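Please look over the sequence and the structure shown here before reading on. The paragraphs below are meant to be read with the model in view.

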Amino acid sequence: MDTRFNMFANEIAVKFAKRFANAGLVIHQSPLPASTQELVSLRASQINGCGWCIDMHTKEALAAGETSVRLHLVAAWRESTVFTEAERAALALAEEGTRLADAHQGVSDETWAQVRKHYDDDQIAALVALVALINAANRLAVIVHQRGGSYEVGAFANWSN
């Protein structure tokens, strides 16, 4: 599978990507823990089959000090012991917010109650925005067949300006 369209070589796509990166910067600078941000982004990307985003968020998480054990277990977080209650709530929100078509109710009341229990309003705002943003990023990359494997840590650090 070859990349269909180079989103990094088109003027309109690059302008959009910079604005997209600015939205990501708001989340990155929020009080939502960075490790939670990477775990949520990784889980949504796994569900959506986005190799580019899986590659990026795995590498960024490792560079930020996340353990390989936890990263390997994200796909099976319910059957593992390495995630906190708060992280489990965030991962549940990520899954339910990503799989909207699988349940007519979207995010369950039970999951929302767990999120409210572990996060304050600013963190919840960042978490909800993150789930929406990573799903949009996954769709962009999957549509154009942006493949994983070549991402270098910090590649988007200067895009948000």
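What follows is a walk through helix packing, the nonpolar core and a few single residues.

The structure is a predicted model, and the walk begins with helix α7, which spans residues 121-143. Two packed helices are described by the angle between their axes and the distance between the axes. With helix α6, formed by residues 109-118, α7 packs at an angle of about 135°, and the two axes are 8 Å apart. Because angles that fall neither under 35 degrees, nor over 145, nor within 65 to 115 count as oblique, α6 is oblique to α7. The crossing in which α6 passes α7 is right-handed. On the side of α6, the contact is made by W112, V115, R116 and H118, while α7 brings D121, Q123, I124, L127 and V128 to it. Sorted by class, this contact of α6 with α7 has 5 nonpolar residues, 2 polar ones and 2 charged ones.

A second partner of α7 is helix α1, made of residues 11-28, which packs against α7 at an angle of about 150° with the axes 9 Å apart. Since an angle over 145 degrees counts as roughly antiparallel, α1 is described as roughly antiparallel to α7. Here the crossing is left-handed. The residues that meet are F16, F20, A23, G24 and I27 in α1 and A126, A129, L130, L133, A136, A137 and L140 in α7. In this contact of α1 with α7 there are 11 nonpolar residues and 1 polar residue, and no charged residues take part.

Helix α3, residues 51-63, also packs with α7, their axes coming within 8 Å and crossing at roughly 130°. That angle makes α3 oblique to α7. From α3, the residues W52, C53 and H57 meet I134, A137, N138 and A141 of α7. By class, the contact of α3 with α7 holds 5 nonpolar and 2 polar residues, with no charged residues. One residue of α7, A137, is listed in the contact with α1 and also in the contact with α3.

From the helix pairs the reader can turn to the interior, where the largest nonpolar core has 16 residues, of which L32, V40, V115, Y119 and L127 touch the most other members. Helix α5, residues 85-98, and helix α7 each supply at least two residues of this core. The largest share, 6 residues, comes from α7. Two of the core residues just named have already appeared, since V115 of α6 and L127 of α7 belong to the contact between those helices. Leaving aside residues up to four places away in sequence, V40 touches A90, L91, A94, L127, L130 and V131.

Is I124, a residue of helix α7, buried or exposed? At a relative accessibility of 7%, I124 counts as buried, because buried means under 20% relative accessible area. When residues up to four places away in sequence are not counted, I124 touches W112, V115, R116 and Y119. By contrast with these contacts, W77 lies 47 residues away from I124 along the chain, and the C-alpha atoms of the two are separated by 20 Å.

Some other residues have part of their area accessible. V69 lies in helix α4, residues 68-73, and V69 is partly exposed, with a relative accessible area of 47%. Between the C-alpha atoms of V69 and A89, which are 20 residues apart along the chain, the separation is 19 Å. In the loop between α4 and α5 is A75, which is also partly exposed, at a relative accessible area of 47%. A75 and I47 are 28 residues apart in sequence, and 8.5 Å apart in space from C-alpha to C-alpha. Not counting residues up to four places away in sequence, A75 touches R43 and Q46.

The walk ends in the segment after α7, where H145 is found. The phi of H145 is near 60°, a positive value in a residue other than glycine. A155 is found in the segment after α7 too, and A155 is partly exposed, with a relative accessible area of 41%. Although A155 and M56 are 99 residues apart in sequence, their C-alpha atoms are 9.1 Å apart in space.

How values were computed:
Residues numbered from 1 in each chain as written. Predicted model: local features only at pLDDT ≥ 70, side-chain atom pairs only at ≥ 80, totals over all residues. Heavy atoms only, no water. Axes fitted to C-alpha atoms, helices over the stretch in contact; angles between N-to-C directions. Helix = DSSP H or I, 4+ residues; strand = E, 2+ residues; numbered from the N terminus. Left-handed = near helix turned anticlockwise from the far one by under 90°. Contact = heavy atoms within 4.5 Å. Nonpolar A, V, L, I, M, F, W, Y, C, P; charged D, E, K, R; others polar. Core = buried A, V, L, I, M, F, W, Y, C linked by side-chain atoms within 4.5 Å. Buried < 20%, exposed > 50% of the residue type's maximum accessible area, 1.4 Å probe, protein only.
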